Amino acid sequence: MPEDARARRRTGTGVGLLLTLVLAAVLLTALPEDRHGEGGGGCGARTVASWTYDGALTGAFARYGDDPARTDDWTGGDGTHSVQLPDGRVLWLFSDTYLGQVHGPPNPSGEPHAWRDASAPMVRNSAVVMDRGRLTATLPAPLFPDPAPDQWRWPVAARVEPRSPGSAESVVRVLLWVRTAGRIPWIYGVPGATEVATLSLPDLRVESVVPVLDQRQVPDPSRRVLFGTTLVARGGWTYVFGGDDGQAADRRPSSAYLARVPEGRLAEPGAWRYWDGSAWTSASAARPVLGDGRRTGVGSAFSVVRDEGTYVLFTMAAGTAGLTRVTWYWACSPTGPWHGPGRGFGARLPRGQVAAYNPQAQPALGAGGGRLVLSYDVNWLETTTASAGISGNVDLYRPRFVTLRLTRTGS
């Protein structure tokens, strides 16, 4: 089992972590292709010059999760994504999530850790609202109901966009991954489909969930591509990155794929186009933008940001280093070519048999000037004791944050 996949192993509880075609074609043709040199004159090699552990932000989630005043809110989760809302609030989205109540130390084993009961409810997704830098509320969970028995939805990247092209009304679009319970090596679910949910503003009510790309007819689950691990808005397009599950099945690095959608049309399957190596076309012709199956590739989840004219992709390193080390690639266009990987940096981890995964940039928190906030998730490695481990020490299954400073190579 690949190391990055082992970091997400789950126990039996399932802890853990998707207008018409004519109109679509007309609008896609009308928009600029933006295929080469998209990075512009500011593009150049980027490196992480420094990184600092953000104890204040990490602590904010710990305090919220430990707060005994609530008995039905978020106490821990993974799959950390965020999006800034028009009114300044930040919506935090999580995949597998513990609810319930946290008890102060010592835990039942006598260890100096805050803990939760083994019977604490676990849901497949949740959302927490941050207002003026303070976590204030957990939305009713799960926010996105299971599509069928033994299936679930994991929310990934999200953005605010017009309800339709040119509309003055905004909504939140949330990319969802649909997975089905499976056996080894699919201990964290067999990949199935990519969906897009629409949330109303400002009340964040789920209005609809639309299937965008169903991969269940692809015979080999390791070749199924789910989109939405990260997205970048640029030039009237939303570039949506995805990946396959190669590392879960045969230990090869996963490959990154790319789709793009005109602004305001994420919830329209017919508006999506996929990169085939030279042009934007149908999903069946999609080809990787990064990953040679050997030296280069991505983890099960990764993140892309645009720094001046350069795109920077963050992922866990290959091999055993993928348990603790974050690395990066850079490119002048979302389609590549991608250069790297970089030397990387070590994720700060608590003691024990734990690992880091899912590095995600959080632009909703701001920064600028070459600085950005990056989160990573933490989970227990040992399969048979995972549930007990993360309930016996609630601090384990929560996001950590670092602040990075990006610079041109050599500066």
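A salt bridge here is a side-chain nitrogen of Lys or Arg within 4 Å of a carboxyl oxygen of Asp or Glu. By that rule, a search of the whole structure turns up 18 salt bridges. Keep in mind that this is a predicted model, where local features need pLDDT of at least 70 and side-chain atom pairs count only at pLDDT 80 or more, while totals for chains, interfaces and linings use all residues. Residues are numbered from 1 along each chain as its sequence is written, and side-chain values use heavy atoms, with hydrogens and water left out.

**Charged pairs**

Side chains of opposite charge can pair when their charged atoms come close. The table lists some of the salt bridges, with the N to O distance and the relative accessible area of each partner. For the burial labels, buried means under 20% relative accessible area, exposed over 50%, and partly exposed in between (1.4 Å probe, protein chains only).

| Salt bridge | N to O distance | Acid | Arginine |
|---|---|---|---|
| Glu 207 and Arg 205 | 3.9 Å | Glu 207, 33%, partly exposed | Arg 205, 47%, partly exposed |
| Glu 268 and Arg 265 | 2.8 Å | Glu 268, 16%, buried | Arg 265, 1%, buried |
| Asp 395 and Arg 400 | 3.2 Å | Asp 395, 34%, partly exposed | Arg 400, 5%, buried |

The pair of Glu 207 and Arg 205 also belongs to a network of salt bridges, together with Arg 163, Glu 169 and Asp 203.

**A four-stranded sheet**

Strands of a sheet pair through backbone hydrogen bonds, either parallel or antiparallel. In this model, 4 strands make an open sheet in the order E11-E12-E13-E14, with antiparallel pairing. Strands (E, at least two residues) and helices (H or I, at least four residues) are DSSP runs numbered from the N terminus, and two strands pair if DSSP finds at least two bridges between them. At the edges stand strand E11 (151-162) and strand E14 (206-214), each with a single partner strand, so one side of each has no neighbour in the sheet. From one strand to the next, the twist averages 25°; the axes behind it are lines fitted to C-alpha atoms (for helices over the stretch in contact), with angles from 0 to 180 degrees between N-to-C directions.

Strand E13 (residues 190-199) and E14 run antiparallel and are joined by 7 bridges. Ala 193, for instance, has Asp 214 of E14 as its bridge partner.

**Glu 161 on the edge strand**

Is Glu 161, a residue of strand E11, buried or exposed? Glu 161 is buried, at 1% relative accessibility. Its side chain makes a polar contact with the side chain of Arg 173 at 2.7 Å (a pair of N or O atoms within 3.5 Å; within protein, one must be able to donate a hydrogen and the other to accept it, and residues adjacent in sequence count only if both atoms are side-chain atoms). The Glu 161 side chain also reaches the backbone nitrogen of Gly 264 at 2.9 Å. Leaving out residues up to four places away in sequence, Glu 161 touches several residues (contact means heavy atoms within 4.5 Å), including Glu 169, Thr 238 and Arg 265.

**The disulfide**

With a disulfide taken as a pair of cysteine sulfur atoms within 2.5 Å, the count comes to 1. Cys 43 is joined to Cys 332, S to S 1.8 Å. This pair links distant parts of the chain, 289 residues apart: Cys 43 sits in the loop between helix H2 (21-30) and strand E1 (46-53), and Cys 332 in the loop between strand E22 (325-331) and strand E23 (345-346). The torsion about the S-S bond is about -90°, so the disulfide is left-handed. Cys 43 is buried at 15%, whereas Cys 332 is partly exposed at 28%.
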